[in-house]
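Let's take a walk through this structure together, going from one residue outwards to the sheets and cores. Keep the viewer open as you read.

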Amino acid sequence: MNNVFVYCEIEGTVVAEVSQELLTKGRKLANTLGVELHAVVAGTGIKSKVEEQILPYGVDKLFVFDADGLFPYTSAPHTDILVNLFKEEKPQICLMGATVIGRDLGPRVSSSLTSGLTADCTELEIGPYDDAKTGQHFDNLLYQIRPAFGGNIVATIVNPEHRPQMATVRSGVMQKAVYEGKAKGEVVYPEVSKYVSPEAFVVKVLDHHVEAAKHNLKGASIVVSGGYGMGSREGFDMLFELAKLLHAEVGASRAAVDAGFCDNDRQIGQTGVTVHPKVYIACGISGQIQHIAGMQDSKIIISINSDPDAPINKIADYVIVGTVEEVIPKLIKYYKQNSK
Amino acid sequence: MALKIVVLAKQVPDTRNVGKDAMTPEGTVNRAALPAIFNPDDLNAIEQALRIKEQNPGTTVGVLTMGPPRAGEIIRQSLYRGADTGWLLTDRLFAGADTLATSYALATAIKKIGGVDLVLGGRQAIDGDTAQVGPQVAEKLGLNQVTYAEEILGIENGVATVRRRIDGGQETVKVPLPAVITVNGSAAPCRPQNAKLVMKYKYATCPLERPEGDPRADLYAERPYLTLNQWSVADVDGDPAQCGLAGSPTKVKTVRNIVFQAKESKTLTSSDADIDGIIKELLNEKIIG
């Protein structure tokens, strides 16, 4: 009762990294609240394959639902599992990845339990809340902090009266870490048919195709990123050349992705990937809030922009005022000269 | 097979094109400075609906929207593209709704419409980016759901085949109707407005959009299709306790403007000397390898 739950999502028998990131965050929240961290995972043929990918992050109790039809994910069976499990366990918090699966499952579960859900949180904290209208005071609520209005404001959302308090978080926003404290590490294998009705298996997956990621933007130590100022897809070729030399990954702003200069899986920002590199080289990026929110934790920021007043320059360590066409070839040239 | 399709669509502030006066000095959103537009993903949903209509004679496409009276514009723009009808849910009691209260209102209206085979909607709206309303409507109606759809490949014997985007790939699924399908922005773009339909519907309005003593009263009497459906909470037999702010489990505690920590930066030019210098500095300090 009253514990923190994390829904762990899988591809085959591999637990998603975002779920591990949320386990680490969930462990911290559980410690603050003095409760246990529980995890739930559902799939087919996952028993003794997923436990060791979940327990090390400080899980006190893991519920493994293993049956035919639970992978690939479809909405209804996974909803049944969470809704019926939560009716028994009455958690106070439930976290899941803001992935295609989490954004399909979370709202369905929240609607069924009439509990509040906040999408794409960038921070989660515990704190008190006073309802100005009713005068009621609440302690230990989950602050669900998220950007709103296209990233122009940040709102703190609370669910005072409904449980569980549900939130989704994008991959890479939280950092995963094996838990060094003590956790109970209990594993249970509930009988799936007690939770899922046979009618739930109504959507049939004919074809499920997932490719390994083409890049490791999230974990890159150097990111070369391009904006609308790159001008074209060909403009991005320069960035790939520079990135190759520096052993960096290439990212993009939403404006560049929307313009078709770069594939959308490389988008950095609130609606894309969050990165934490040692060096971030922003090329022709003006620096809308929604972009900066996804890269502001970079240790060193270098901005290349023909506009000396571009907003991104305010948070940059180095500003190179000039056109990308002029500066990037020079960076390539002098790197080749000096790195020998 | 003739289908009854309802498309959920929303009028949203254009958060992608935020100007300098979009925020008030107090850090709140200046809605008046943001133009109201047709939510982009919802246009992709309209296109899928119109394609199904073309392939399945006798199919009707209706557009359901919730908002202030001016959101009647969403219905008009849908009619211009080939939708058959629309409903505007408008009532002060609907105001301040979070996604759960919104989906309650929409689900109640869909029940009132009755006999709906397929509910389509955009994956998400750009003012909230939550993607929650589609699945919540599905749950409230007890319907199957498919989210992130890129193309509805066909509908046969009451089963839709849908290609959808998933993280790092794609999937093809079969879903029996009735169902809720949300359409991704990467789906086919919506067709443009049709000039003849614009001529036909340009005066189509909801009663609340009309000024008192409207000079077109005679026209409306003569052409009933110019009067758009406008429903209040009572019209859809809604429970006021589940609508609007009252029906919203989530509360906004605080809203703050984003201020980034400014850094002291070193400004360089694009000269060879400056670029050579910064590369040497970064290499010497082992910032780059």
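**Starting from one residue**

Gln124(B) is buried, because 27 other C-beta atoms lie within 10 Å of its own, and the cut-off for calling a residue buried is 20 or more. Bear in mind as you look that this is a predicted model. You will find Gln124(B) in the loop between E6 and helix H4 (133-141) of chain B. Leaving out residues up to four places away in sequence, Gln124(B) touches Asp41(B), Asp129(B), Thr130(B) and Ala131(B). For a sense of scale, try the distance to Thr60(B): the two residues are 64 apart in sequence, and their C-alpha atoms are 23 Å apart in space.

Now zoom out to the chain that holds this residue. Chain B has 7 helices and 13 strands, and its C-alpha atoms fill a box of roughly 80 × 50 × 45 Å along the principal axes. Of its 289 residues, 48% count as buried. Contacts in chain B often reach across the sequence: among those between residues at least 6 apart, 68% join residues at least 24 apart.

Next comes the sheet to which E6(B) belongs. It is an open sheet of 10 strands with mixed pairing, and you can trace it in the order E13(A)-E9(B)-E8(B)-E7(B)-E10(B)-E6(B)-E1(B)-E4(B)-E5(B)-E11(B). Which strands stand at the edges? They are strand E13 (204-210) of chain A and strand E11 (229-231) of chain B; each has a single partner strand, so one side of each is left without a neighbour in the sheet. On average, neighbouring strands here are turned by 30 degrees against each other, direction ignored.

The end of this sheet that comes from chain A deserves a look. E13(A) pairs with strand E9 (residues 169-176) of chain B in the antiparallel sense, over 6 bridges. Within that pairing, Asp207(A) stands opposite Thr172(B).

Several strands of the sheet are crossed by a helix. Helix H1 (residues 40-55) of chain B lies across strands E1 (4-8), E4 (60-66), E6 (118-122), E7 (144-156) and E10 (179-183) of chain B, and runs at about 145 degrees to E6(B).

Is helix H2 (residues 72-81) of chain B enclosed or open? Here 9 of the 10 residues are buried, so H2(B) is largely enclosed by the rest of the structure. Among the buried ones are Ile74(B), Ile75(B), Leu79(B) and Tyr80(B), and also Arg76(B) and Arg81(B). The surroundings of these buried residues are strand E2 (11-13), strand E3 (36-38), H1, E4, strand E5 (85-89) and helix H5 (195-201) of chain B, against which they pack. Just after the helix, Gly82(B) takes a positive phi of about 125 degrees.

The cores come next. In soluble globular proteins, nonpolar side chains tend to be buried together. The largest nonpolar core in this model has 131 residues, and those with the most contacts inside it are Val40(A), Val41(A), Ile54(A), Val7(B), Ala105(B), Leu106(B) and Ile181(B). Helix H3 (residues 99-113) of chain B supplies the largest share of this core, 8 residues. Take Leu106(B) as a way in: apart from neighbours within four places in sequence, Leu106(B) is in contact with Leu8(B), Leu64(B), Met66(B), Val133(B) and Val137(B). There is also a second, separate core of 53 residues, which includes Phe261(A), Val279(A), Ile289(A) and Ile328(A).

Let's finish with two more places where strands of both chains meet. An open sheet of 4 strands, with antiparallel pairing, has the order E8(A)-E9(A)-E10(A)-E12(B). Its edge strands, E8 (123-130) of chain A and E12 (251-257) of chain B, each pair on one side only. The twist from one strand to the next averages 35 degrees. E8(A) and strand E9 (residues 137-148) of chain A are antiparallel and share 7 bridges, with Glu125(A) opposite Tyr143(A). Helix H1 (residues 17-33) of chain A lies across both E8 and E9 of chain A, at about 30 degrees to E8(A).

The other place involves parallel pairs. Strand E17 (residues 300-305) of chain A runs parallel to strand E18 (residues 318-321) of chain A, and 4 bridges join them; Ile302(A) has Tyr318(A) as its bridge partner. E18(A) also pairs in the parallel sense with strand E13 (residues 266-269) of chain B, over 4 bridges, where Val319(A) is partnered by Thr267(B).

Key. Residues numbered from 1 in each chain as written. Chains lettered and ligands numbered in written order. Predicted model: local features only at pLDDT ≥ 70, side-chain atom pairs only at ≥ 80, totals over all residues. Pairing = 2+ DSSP bridges. Helix = DSSP H or I, 4+ residues; strand = E, 2+ residues; numbered from the N terminus. Axes fitted to C-alpha atoms, helices over the stretch in contact; angles between N-to-C directions. Contact = placed C-beta atoms within 7 Å. Buried ≥ 20, exposed ≤ 12 C-beta atoms within 10 Å, placed from the backbone. Core = buried A, V, L, I, M, F, W, Y, C linked by C-beta atoms within 7 Å.
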